[in-house]
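Good morning, and thank you for coming. I should like to take you through one structure this morning, beginning with an empty space in its interior and moving outward from there.

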Amino acid sequence: MSKPKIIVSRKWPEEVEARMQEIFDVQLNEADMPMSVERMQAALQTADAFCPTVSDKVNSEVLAVDNLKAKIIGSYGVGFNHIDLEAAKQRDLVVTNTPEVLTDCTADIAMTLLLMTARRAGEGERHVRSKAWTGWRPTHMMGAKVTGKTLGLIGMGRIARAMAQRAHHGFGMKIIFTDPYPPPADLVESLQAEARASIEAVLREADFVSLHCPGGKETYHLINKERLALMKPQSFLINSARGDVIDQAALIDALKMGVIAGAGLDVFEGEPAVPDGLLSLDNVVLFPHLGSASRETRVAMGMRVVENLELFFNGQAPRDRVA
Ligand code: DGY
């Protein structure tokens, strides 16, 4: 029997590419250049499976392609707001993602952003590198203490829970959260966490707010000017979820005007573009979407795509079906 034909949209870790080559007839993207709409459409017309990642916009235009051959989109990444799931369903395409394997590393990055914003670590590093440092003194670069403060989580899924574990057990933080689908009671108890009835309640009370909701229409600009105004002036906002969950222009104003003390961002509206309004501010820490970017995790994400595809082509239900 001939091997299924797979087209991969970007360069993947070499172990995963080697495994793909063993079991599939795979077309890799050695040059690692983003695929245009036309190239994605050609992939859907010529392969049995197309494997995009979170930076490929597999929208209704791409999915309206004539002569569709592909049966499955095996996406590399946990988020799937880059794929129009309704359009995929209409074309009878199965869609899978890669949950679980990136939970710890993404929570680590959210915690890194929290610590860096509170303790002015990015600013401090720039200070030393620019040779501006004149030596230790009692009032130099004072930041905010983390231990014992209140962390507010918007969304309490896997990554938020892992963040809460780090914050509570590692830094003695009090955890409050809001989620329409709350976690099991024993987990809440193990974190001594407290649910709040609304996003507003979390924003008013937390010293650090960390966003852990999915991207997409329902959460677009969830954190807007009005909600930012509810946060304490000495509080910090952390986003390792999706850029457009925050109204970025409103955040820039809030950071400039001292509405909040700072922000740590791993994701941006319209990334990879990052506006000068953010680049010029010292009270914001900016990462290039590093959440899952450890070698181990990126290999595990790729292997999870491979597992989903193998199951699908063996006639079984893929493990991580989202459509
Ligand atoms: C995802 O998988 O959705 C992340 O944003 C990429 O690390």
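Let me begin with the lining of the largest cavity, which by class holds five nonpolar residues, three polar residues and no charged ones. Please bear in mind throughout that this is a predicted model. The residues concerned are Asn239, Gly243, Ile246, Gln248, Leu251, Leu265, Val267 and Phe268. The space within the largest cavity is about 30 Å³. With a threshold of 30 Å³ or more, the count of cavities is one. As general background, empty space of this kind is found by rolling a probe the size of a water molecule over the atoms.

Two of the lining residues, Asn239 and Leu265, lead us directly to a sheet. Leu265 in β11 is the bridge partner of Asn239. The strands involved are β10, residues 236-239, and β11, residues 262-265, and they pair in the parallel sense over four bridges. What is the order of strands in the open sheet of seven? The order runs β8-β7-β6-β9-β10-β11-β12, and the pairing is parallel. At the edges stand β8, residues 194-195, and β12, each of which pairs on one side only.

The edge strand β12 brings me to the second largest pocket, since β12, residues 284-286, is one of the elements that give two or more residues to its lining. The others are α5, residues 103-118, and α6, residues 121-129. Which element gives the most to this lining? That element is α6, with four residues. In total, 18 residues line the second largest pocket, and those nearest its centre are Thr117, Arg120, Glu123, Phe236 and Asn283. By class, this lining comprises nine nonpolar, five polar and four charged residues. The space in the second largest pocket is about 200 Å³.

There is also an open sheet of five strands, with parallel pairing and the order β2-β1-β3-β4-β5. Its edge strands are β2, residues 25-27, and β5, residues 94-96, and each of these pairs on one side only. On average, neighbouring strands of this sheet are turned by 20° against each other, direction ignored. Within the sheet, β3, residues 49-51, and β4, residues 72-74, pair in the parallel sense over two bridges. Opposite Phe50 stands Ile73 in β4. In general terms, the strands of a sheet pair through backbone hydrogen bonds, either parallel or antiparallel.

I turn finally to the helices. Two packed helices are described by the angle between their axes and the distance between the axes. We have already met α5 at the second largest pocket. The axes of α5 and α7, residues 158-171, come within 8 Å and cross at roughly 55°. Why are these two helices called oblique to each other? Angles under 35 degrees count as roughly parallel and those from 65 to 115 as roughly perpendicular; the angle for α5 and α7 falls in neither range, and the pair is therefore oblique. Their crossing is right-handed.

The second pair consists of α1, residues 14-23, and α13, residues 295-313, whose axes come within 9 Å and cross at roughly 20°. With the limit for roughly parallel set at under 35 degrees, α1 and α13 are therefore roughly parallel to each other. The crossing of α1 and α13 is right-handed.

That concludes my presentation, and I welcome your questions.

Terms used
Residues numbered from 1 in each chain as written. Predicted model: local features only at pLDDT ≥ 70, side-chain atom pairs only at ≥ 80, totals over all residues. Heavy atoms only, no water. 1 Å grid on protein atoms, 1.4 Å probe; cavity = no way out; pocket = protein on both sides within 12 Å on 5 of 7 lines; lining within 4 Å. Points joined across faces, edges and corners; volume = space filled by probe spheres on them. Nonpolar A, V, L, I, M, F, W, Y, C, P; charged D, E, K, R; others polar. Pairing = 2+ DSSP bridges. Axes fitted to C-alpha atoms, helices over the stretch in contact; angles between N-to-C directions. Parallel < 35°, antiparallel > 145°, perpendicular 65-115°, else oblique. Left-handed = near helix turned anticlockwise from the far one by under 90°.
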